[in-house]
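Open the model in a viewer and keep the sequence panel beside it. The stops below say what to select and what is found there.

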Amino acid sequence: LLGALLFLAYGRKLERRLAYRFEKGDQRVNAFYRACIDKLADSGIKRERGQGRLTFAQSVERNFPSLVPLTKAHLAHAFGKEGTRPDLGSLDKHFATLHKEIVRNVPLWRRLLGALNPIGWYFNR
């Protein structure tokens, strides 16, 4: 039973991390954002309770400036007007840059510890 639960938890974690590769169209915006937040949470960087998405992105902008455009695109998609089309190519570049920023600013041991946590994604806000 424990093995099955671990398998499901790691499967869900992997699905959230890789969904941006399989989503079609505008749904990729949310998948990019979700993957970014999960990566940062695994690195020990999380939103505080009651902290808005954009406020969080701006608070970590010094070390992770690529999170701001990803967050703005996510918010524009979630709350924006009809017909607003995100630039998915630009988001892909910001996502790749965010990964490099995490590698540069977060120690390897912390990233490995986060990768081993099967339910870290569950606590993201």
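Which backbone oxygen lies 2.9 Å from a polar atom of the side chain of Asn105? Select Asn105, in helix H5, and show the side chain together with the surrounding backbone. The oxygen belongs to Glu101. Keep in mind throughout that this is a predicted model.

**Stop 1: around Asn105**

Stay on Asn105 and add Asn63 to the selection. The backbone oxygen of Asn63 is 2.8 Å from a polar atom of the Asn105 side chain. Next add Phe64, whose C-alpha atom is 8.4 Å from that of Asn105, although their positions lie 41 residues apart along the chain. Asn63 and Phe64 are the residues that Asn105 touches once those up to four places away in sequence are set aside. With a relative accessibility of 34%, Asn105 counts as partly exposed.

**Stop 2: helix H4**

Select residues 67-79, which make up helix H4. Put a distance label between the two end C-alpha atoms: they are 18 Å apart. That agrees with the 18 Å expected for 13 residues, because the estimate allows 1.5 Å a residue.

Now colour the buried residues of H4: Leu67, Val68, Leu70, Thr71, Ala73, His74 and Leu75. To see what covers them, display helices H2 (27-42), H3 (53-59) and H5 (88-105), which are among the covering elements.

**Stop 3: Asp42 and its partners**

Move to Asp42, in helix H2. Is this residue buried or exposed? Its relative accessible area is 6%, so Asp42 is buried, the cut-off being under 20%.

Add Arg17 and show both side chains. They meet in a salt bridge, at 2.4 Å from N to O. The pair joins distant parts of the chain, with Asp42 in helix H2 and Arg17 in helix H1, 25 residues apart. Unlike the buried Asp42, Arg17 is partly exposed, at 22% relative accessible area.

Include Lys13 as well: Lys13, Arg17 and Asp42 are linked in a network of salt bridges. For the wider surroundings, select the residues in contact with Asp42 beyond four places in sequence, which are Lys13, Arg17, Arg110, Gly114, Ala115 and Gly120.

**Stop 4: more salt bridges**

How many salt bridges does the structure hold? There are 4. Select Asp38 and Arg16, whose side chains form one of them, at 2.7 Å from N to O. This pair also links distant parts of the chain: Asp38 is in helix H2 and Arg16 in helix H1, 22 residues apart. Asp38 is buried, with a relative accessible area of 3%, and Arg16 is buried too, at 12%.

Then select Arg12 and Glu15. Their salt bridge has its closest N and O atoms 2.6 Å apart. Both residues lie in helix H1, 3 residues apart, which is about one turn of the helix. An α-helix has 3.6 residues a turn, so residues three or four places apart point the same way. Arg12 is partly exposed, with a relative accessible area of 36%, and Glu15 is partly exposed, also with 36%.

**Stop 5: a nonpolar patch**

Finish by switching to a surface view and selecting Leu1, Leu5, Phe7 and Leu8. These residues form a nonpolar patch on the surface, with about 550 Å² of accessible area together. Leu5 can be found in helix H1, which covers residues 2-22.

Technical notes:
Residues are numbered from 1 along each chain as its sequence is written. This is a predicted model: local features need pLDDT of at least 70, side-chain atom pairs count only at pLDDT 80 or more; totals for chains, interfaces and linings use all residues. Side-chain values use heavy atoms; hydrogens and water are left out. Helices (H or I, at least four residues) and strands (E, at least two) are DSSP runs, numbered from the N terminus. The expected span of a helix is 1.5 Å times one less than its number of residues. Buried means under 20% relative accessible area, exposed over 50%, partly exposed in between (1.4 Å probe, protein chains only). Contact means heavy atoms within 4.5 Å. Patches are made of residues with over 30% relative accessible area and no salt bridge: like charges are joined within 9 Å, nonpolar side chains (Val, Leu, Ile, Met, Phe, Trp, Tyr) within 5 Å. Accessible areas come from the Shrake-Rupley method with a 1.4 Å probe; for residues, only the protein chains shown count as cover. A polar contact is a pair of N or O atoms within 3.5 Å; within protein, one must be able to donate a hydrogen and the other to accept it, and residues adjacent in sequence count only if both atoms are side-chain atoms.
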